[in-house]
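Hi,

Here is the structure I said I would pass on. Have a look at it first, and then read on for what turned up.

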2 protein chains.
Amino acid sequence: MNLKPTDSELEILNILWEKGPCTVRDVHEVLEKNKEAGYTTTLKLMQIMHEKGLLTRDAKAKSHIYTSNISQEKTQGQLVKRMIDNVFNGSASQLVMQALGHHKPNAEELDEIKKYLERIEQAGKQENQ
Amino acid sequence: MNLKPTDSELEILNILWEKGPCTVRDVHEVLEKNKEAGYTTTLKLMQIMHEKGLLTRDAKAKSHIYTSNISQEKTQGQLVKRMIDNVFNGSASQLVMQALGHHKPNAEELDEIKKYLERIEQAGKQENQ
DNA sequence: ACAAACCTACGAATATTTTCGTAAATGCAA
DNA sequence: TTGCATTTACGAAAATATTCGTAGGTTTGT
């Protein structure tokens with residue numbers, strides 16, 4: 001699936017990824033904390049997302065229950081890939097540097113990243129033997 | 001300046017960042033390599049970008065010469081920040097991992113990233129003394 | 001000077017996203 | 001059952017992005 005969720009759609013996906021299956025009301029209440037929005041606006045958005053295949057829904061209950069139909073990881077991956085291509089001319093490491101420069105990771109995150117790098121490095125050496 | 005260039009605008013900005021000041025024709029010829037597009041479409045886009053303040057232009061020459069009015073670094077930074085907030089729930093390191101996972105950096109890039117990380121780490125230790 | 005080529009400005013059509021009002025259906029409580 | 005609250009479906013307005021045609025001006029070559 002070739003995905004390009006809009007900003008509004010992403011807001012909804014984030015809620016569903018975090019909270020799991022939700023009614024429109026559930027989602028709407030979370031959205032309302034951060035911004036003005038009419039209930040039917042949220043409803044319509046989720047209906048459209050359903051049409052697009054971004055969400056599945058269970059209509060058995062009195063209120064329909066929506067679930068994200070795309071994985072958070074895959075979506076993140078595709079958006080990152082798009083950004084590398086469109087904004088960083090294909091250079092993933094440039095993106096990495098920008099991300100690190102802007103938002104310093106804490107010690108724990110640093111460790112995680114370093115381990116990840118070492119694994120990549122080891123794999124690279126293997127290939128060159 | 002609060003920036004949110006669209007995909008089309010980003011294509012044009014990328015060209016201007018790489019080639020420096022350009023006429024509409026210059027930009028259009030590069031765009032044409034990768035996609036179908038009418039000349040007046042490119043013209044209109046660049047005019048709108050000029051209105052928005054994304055581009056400056058010199059109308060002295062027979063053909064106007066456009067220049068990006070926003071820095072590549074700053075724009076990249078803002079887009080990365082937006083992605084961290086909207087897609088990775090504020091976690092820069094998650095974005096980093098995704099980026100590294102998708103596009104393995106070569107040895108040189110790896111070195112660069114590791115040095116960067118070490119600098120961050122040292123700075124962090126200083127703070128805790 | 002004349003025509004061909006090129007450039008800008010501008011309006012408008014098209015597409016997409018976001019928002020909301022209204023009507024119909026459903027569930028619930030008195 | 002009757003009325004109120006909630007939900008869905010749907011159409012359409014509003015906002016934004018993209019595309020292109022046409023008119024009018026400038027430059028260039030002959």
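Which strand has a phosphate oxygen 2.8 Å from a polar backbone atom of A:His64? That would be DNA strand D. Before going further, please keep in mind that this is a predicted model.

**How the two chains are related**

In general, a rotation about an axis and a shift along it relate two copies of a chain. Here, chain B superposes on chain A by a rotation of 180° with 0.0 Å of shift along the axis, and the RMSD is 0.1 Å. That is the relation of a two-fold axis. If you want to find the axis in chain B, go to B:Val96, whose C-alpha is the nearest to it at 2.7 Å. The copies also meet through the same surface, because 100% of the interface residues of chain B are interface residues in chain A too.

**DNA strand D**

Back to the strand from the opening question. DNA strand D is surrounded by 19 residues, and A:Arg25, A:Tyr39, A:Gln47, A:His64 and B:Thr6 are the closest. Of its atoms that come within 4 Å of the protein, 60% are accounted for by sugar and phosphate. Besides the contact to A:His64, a phosphate oxygen of this strand is 3.4 Å from an N or O atom in the side chain of B:Lys62. A base takes part as well: one of the strand's base nitrogens is 3.4 Å from a side-chain N or O atom of B:Thr40. The elements giving two or more residues to this surface are helix H2 (24-34) and H3 of chain A, plus H3 of chain B. By class, the surface has 4 nonpolar, 9 polar and 6 charged residues.

**DNA strand C**

Around DNA strand C there are 18 residues, with A:Thr6, B:Arg25, B:Tyr39, B:Gln47 and B:His64 coming nearest. Sugar or phosphate makes up 62% of the strand's atoms within 4 Å of the protein, and bases make up the rest.

Phosphate oxygens of this strand have these partners, among others:

- A:Thr6, with a side-chain N or O atom at 2.6 Å
- A:Ser8, with a side-chain N or O atom at 3.2 Å
- B:Arg57, with a polar side-chain atom at 3.1 Å

Helix H3 (39-52) of chain A and helix H3 (39-52) of chain B each supply at least two residues of the surface near DNA strand C. That surface divides into 3 nonpolar, 9 polar and 6 charged residues.

**Pockets**

The largest pocket has a volume of about 540 Å³. Its lining is made of 20 residues, and A:Asp7, A:Leu79, A:Arg82, B:Asp7 and B:Arg82 lie nearest its centre. Both chains contribute: helix H1 (7-19) and helix H4 (72-87) of chain A, and helix H1 (7-19) and helix H4 (72-87) of chain B, are the elements that give two or more residues. By class, this lining has 10 nonpolar, 4 polar and 6 charged residues.

The second largest pocket has a volume of about 400 Å³. Of its 16 lining residues, A:Asn89, B:Glu11, B:Asn14, B:Ile15 and B:Asn34 are the closest to its centre. Two or more residues each come from H4 of chain A and from H1 and helix H2 (24-34) of chain B. Which element gives the most to the lining of this second largest pocket? The answer is H1(B), with 8 residues. The lining has 5 nonpolar, 5 polar and 6 charged residues.

Cheers

Definitions and conventions:
Residues are numbered from 1 along each chain as its sequence is written. Chains are lettered from A and ligands numbered from 1 in the order in which they are written. This is a predicted model: local features need pLDDT of at least 70, side-chain atom pairs count only at pLDDT 80 or more; totals for chains, interfaces and linings use all residues. Side-chain values use heavy atoms; hydrogens and water are left out. On a 1 Å grid over the protein atoms alone, a cavity is a set of points where a 1.4 Å probe fits but cannot get out, and a pocket is an open set with protein on both sides within 12 Å along at least five of seven lines; lining residues have an atom within 4 Å of a point. Grid points are joined across faces, edges and corners, and a volume is the space filled by probe spheres set on the points. Helices (H or I, at least four residues) and strands (E, at least two) are DSSP runs, numbered from the N terminus. Ala, Val, Leu, Ile, Met, Phe, Trp, Tyr, Cys and Pro count as nonpolar, Asp, Glu, Lys and Arg as charged, and the others, Gly among them, as polar. A residue is near a molecule or strand if one of its heavy atoms lies within 4 Å of it. A polar contact is a pair of N or O atoms within 3.5 Å; within protein, one must be able to donate a hydrogen and the other to accept it, and residues adjacent in sequence count only if both atoms are side-chain atoms. Copies are superposed by least squares on the C-alpha atoms of residues with pLDDT of at least 70 in both. Contact means heavy atoms within 4.5 Å.
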